[in-house]
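Dear colleague,

I am passing on the structure we spoke about, together with some notes on what turned up when I went through it. Please have it open beside you as you read.

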Amino acid sequence: MSKPLVALLTGAGVSTDSGIPDYRGPDGLWRRDPDAEKLVTYEYYMSDPEIRRRSWRMRRASRALGAEPNAAHRAVVELERSGVPVRVITQNVDGLHQRAGMPDRKVLELHGSAHGVVCTRCHARGSMDDALARVDAGEDDPPCRECGGILKSATVMFGERLDPMVLGQAVAISKACQVFVAVGSSLQVQPAAGLAGVAADHGARLVIVNAEPTPYDELADEVVREPIGTALPRLLRDLRLRGLDGV
Ligand code: ZN
């Protein structure tokens, strides 16, 4: 690795300022309403048309909220534009890093993207906008146009495996980076959480920015508890000004 590299692992906490709820958090929807978890569980989704109809209604409602990037997303873009090699590994499916201006190829979406759809039978892909236009037009569970199979969002549901290619790239970045910043992630969902350990094992400086303690805090060189919207811009500005030599 000839160039210094900053890797950011971002979780739900990065998008809460954009109005996207942390479904898994202590007050998360999935804790309060176990039924809601079925909407994003592969087995239930595939076997129950009513679950699928509710899922499509939920997707339509969440699109209507029109989430915008926040200060944390913009701070990452600023760092990238300053010339520091940055890679984002995200557990979020909202696409807000890219909306804020991060190039697609520098963002790894571990849990897929809510902006796409994929056929569970022939694996044809399409856009969520197109699928939701069909829902708006009255199809309450739109099938794949290619094969008639069941369509789902291009996100990794409970009961589905992460894309091994994406995970392999995330591991490679974690091994190569000089600084690994885990932001807004409880670091409790594997294998994403383990990337923090991989980075630390390979000599990266590990920084954790999260409101709650995480299982990796003891391994970290720095733990920041302040709100992400102020903590991350400051942290990344310091990185930019001092360069990576000072870390
Ligand atoms: Zn299909």
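Why is strand β8 (residues 205-209) largely enclosed by the rest of the structure? This is a predicted model, as you should keep in mind throughout, and in it four of the five residues of β8 are buried, so the strand is largely enclosed by what surrounds it.

The strand has a partner in β7 (residues 179-183), which runs parallel to β8 and is joined to it by five bridges, with F180 standing opposite L206 of β8. Together with helix α9 (residues 194-201), these two strands form a β-α-β unit that is right-handed. Strand β9 (residues 222-224) also runs parallel to β8, the two being joined by three bridges, and here V207 stands opposite E222 of β9.

The other item concerns the zinc ion, whose protein donors are the SG atoms of C119, C122, C144 and C147, lying 2.3 to 2.4 Å from the metal. Along the chain these donors follow the spacing C-x2-C-x21-C-x2-C. Of these, C122 in the loop between β4 (112-119) and β5 (125-127) and C144 in the loop between α7 (128-136) and β6 (151-155) are 22 residues apart, and the pair links distant parts of the chain. The angles subtended by the four donor atoms around the zinc ion are 101 to 116°, and the arrangement is therefore tetrahedral. As for exposure, C122 has a relative accessible area of 36% and is therefore partly exposed, whereas C144, at 6% relative accessibility, counts as buried.

With best wishes

Definitions and conventions:
Residues numbered from 1 in each chain as written. Predicted model: local features only at pLDDT ≥ 70, side-chain atom pairs only at ≥ 80, totals over all residues. Heavy atoms only, no water. Buried < 20%, exposed > 50% of the residue type's maximum accessible area, 1.4 Å probe, protein only. Pairing = 2+ DSSP bridges. Right-handed = clockwise from strand over helix to strand, strands pointing away. Donors = N, O, S within 2.8 Å, 3.2 Å for Na, K, Ca; no water. Tetrahedral: all angles 85-135°; square planar, octahedral: opposite > 155°, others 65-115°.
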